[in-house]
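Colleague: I'm new to this one and would like to learn how to read it. Could you walk me through it, feature by feature?

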Amino acid sequence: MAVTEQEILAGLGKIINEITGIPASDVTPEKSFVDDLDIDSLSMVEIAVAAQDEFGAEIPDDQLKHLKTVKDVVNFIQG
Amino acid sequence: MSTDRVRVVVTGLGATTPLGGDVASTWSALLDGRSGIRPLTEDWVDSVPVKFAGRVAVEPGEVIPRPEARRLDRAEQFALIASREAWRDAGSPEVEPTRLGVVVGSGIGGITTILDAYDTFKEKGWTRLSPFTVPMLMPNGAAGWIGIDIGAKGGVHATVSACATGAEAIGYGIDMIRSGRCDVVVAGGAEAAIHPLNIGSFAAMRAMSTRNDEPHRASRPFDKGRDGFVLGEGAGIVVLESEEHARARGAKVYAVAAGVGYSSDAHHIAQPEPSGAGVQLAMSRVLADAGLSGADIRHVNAHATSTPAGDVVETIAIKESIGAHPIVTATKSMTGHLLGGAGGIESIFTILALNDRIVPPTINVDDLDDGVEVDIARGEPRKLPDGQIAAVNNSFGFGGHNVAVAFTTL
């Protein structure tokens, strides 16, 4: 059963909060990781690994650098 | 003493120790003669012959928010807790960033990170390693984080000299200010080494006490029945400042950081040189560097780790280089041995002894070793006299490092 966009968003919010301390409610689709959430590249690696554990979708390094917004990651995980 | 030299003063203190989560609680417990040594409850305790240690009284996770804590080795967490307390205590001074420095070291560095990360690597592969593994395991990590925390651009350094690390950091900090490079330096040491590999390795040297039936009585410097050191953890960090800078901002001043003396044994990698000549040289040099005579020194916070080999040699060296008159104490009897953190917390205790005119006791000296011919603060705190007085903190480390730091009242 495929996870919904809402479920992915909630899961990402939890992961990002755990890793960066940013409130999960601030993790909304249009937000840019770098410009809006001030997340550095090392934290993005941690988020990608945690997302892989949570959703089973591996995010290769060459894809990760193209995922600029929360929505980009949600779309990638949904495939 | 050269009269044109920059005077360095101490304007802030910070610590997290087995006796308390800050300086005030630690100092109060020390003066009460309380032991911070407890049985270990971890499931690995059956694998090692030593079943007790001095864990910090306040877990760092209660102080540092989780997103920050997960990027820090435990030793870095201790260092940040202590440096933030010291910085606040100093009044969070306004300093030109290029004239603000950090010298904070650790004897072993991020050893728990290394070992845990290697387990992760073997079990799950490299992709599951935290991208912060390297900055967590490097021994200069704590100094780097503190530098970021306070915006220090005048130079961030990490001394590494085993159990002399914290004292050497403070000595280096004094010299950074004297040389004119910095106005303010945050300096000290941190250690988080309570791990079965470390305990097993120190036990393999036969260096640790195995008094498992009485952990609180295991650290007993100068006592005939001492059988090794007791491992502690934590951090002690001070804010050093040029007197001119401190006066200009009306800072509270604890003491003058009057000088530092270094020497090295060139004898054995892990045993003290039996004549104590190297230790004596460090103390003679600190007197010369601080422009003090032996008679000025009224108190020594000894390195005294409770090992059979080291304690008595140190007291003989104190007698030879300073005299038999100072009130000597070994606070490791209560905190255990914080390795790279020892020189940090023990410098703080030396500063507070001058500031409050009271020497904390050495506990567990039931039967004073016959070779001890100096005045030990046995069992009870001791008053220090009024007037201008000085004190020395000794710290020695595997590798043959000898460091003595002198402080004076204002």
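Modeller: Let's start with burial: a residue is buried if 20 or more other C-beta atoms, placed from the backbone, lie within 10 Å of its own, exposed if 12 or fewer, and partly exposed in between. Helices (H or I, at least four residues) and strands (E, at least two) are DSSP runs, numbered from the N terminus. Now look at strand β4 (residues 100–105) of chain B, where six of its six residues are buried. Before we go on, this is a predicted model: local features need pLDDT of at least 70, side-chain atom pairs count only at pLDDT 80 or more, and totals for chains, interfaces and linings use all residues. Residues are numbered from 1 along each chain as its sequence is written, while chains are lettered from A and ligands numbered from 1 in the order in which they are written.

Colleague: Which residues lie on the two sides of β4(B)?

Modeller: Leu100(B), Val102(B) and Val104(B) sit on one side, with Gly101(B), Val103(B) and Gly105(B) on the other. Both faces are covered.

Colleague: And how do I read its neighbours in the sheet?

Modeller: Look for bridges: two strands pair if DSSP finds at least two bridges between them. β4(B) runs parallel to strand β6 (residues 184–191) of chain B, joined by six bridges, and there Gly105(B) stands opposite Gly189(B). Two bridges also join β4(B) to β5(B), again parallel, with His157(B) as the bridge partner of Val103(B).

Colleague: Which residue does UniProt list for "active site"?

Modeller: Cys163(B), from an unreviewed entry. UniProt positions are given in the numbering used here, feature names are shortened, and annotations may be inferred rather than shown by experiment. To place it, find the loop between β5 (156–157) and α7 (165–178) of chain B.

Colleague: Is Cys163(B) buried or exposed?

Modeller: Cys163(B) counts as buried because it has 27 C-beta neighbours inside 10 Å. For contacts, the test is that the C-beta atoms of two residues, placed from the backbone, lie within 7 Å. Leaving out residues up to four places away in sequence, Cys163(B) touches Gly107(B), His337(B), Leu339(B), Gly340(B), Ala342(B), Ser395(B), Phe396(B), Gly397(B) and Phe398(B).

Colleague: Some of those partners must belong to a strand. Where should I look?

Modeller: Go to strand β14 (residues 390–397) of chain B; eight of its eight residues are buried, so the strand is largely enclosed by the rest of the structure. Ala390(B), Val392(B), Asn394(B) and Phe396(B) point one way, and Ala391(B), Asn393(B), Ser395(B) and Gly397(B) the other. Strand β9 (residues 297–301) of chain B runs parallel to β14(B) over four bridges, one pair being Ile297(B) and Ala390(B).

Colleague: In which sense does β14(B) pair with β15 (residues 401–408) of chain B?

Modeller: Antiparallel, over eight bridges. Phe396(B) has Asn402(B) as its bridge partner in β15(B). The two strands form a hairpin with three residues between them, where Gly399(B) takes a positive phi near 105°.

Colleague: What about the helix after the Cys163(B) loop? How do I check its length?

Modeller: The expected span of a helix is 1.5 Å times one less than its number of residues. α7(B) has 14 residues and reaches 20 Å from its first C-alpha to its last, close to the 20 Å expected. 12 of the 14 residues are buried, so α7(B) is largely enclosed by the rest of the structure. Among the buried ones are Thr165(B), Glu168(B), Tyr172(B) and Ile177(B). Just after α7(B), Gly180(B) takes a positive phi of about 95°.

Colleague: Now zoom out for me. How many helices and strands does chain B have?

Modeller: Chain B has 13 helices and 15 strands. Of its 410 residues, 60% count as buried. UniProt, in an unreviewed entry, lists residues 5–409 of chain B for "domain: Ketosynthase family 3 (KS3)".

Colleague: And chain A?

Modeller: Seven residues from chain A and seven residues from chain B make up the contact. The UniProt annotation "modified residue: O-(pantetheine 4'-phosphoryl)serine", from an unreviewed entry, covers Ser41(A). Ser41(A) is found in helix α2 (residues 41–55) of chain A, and is exposed, with 11 other C-beta atoms within 10 Å.
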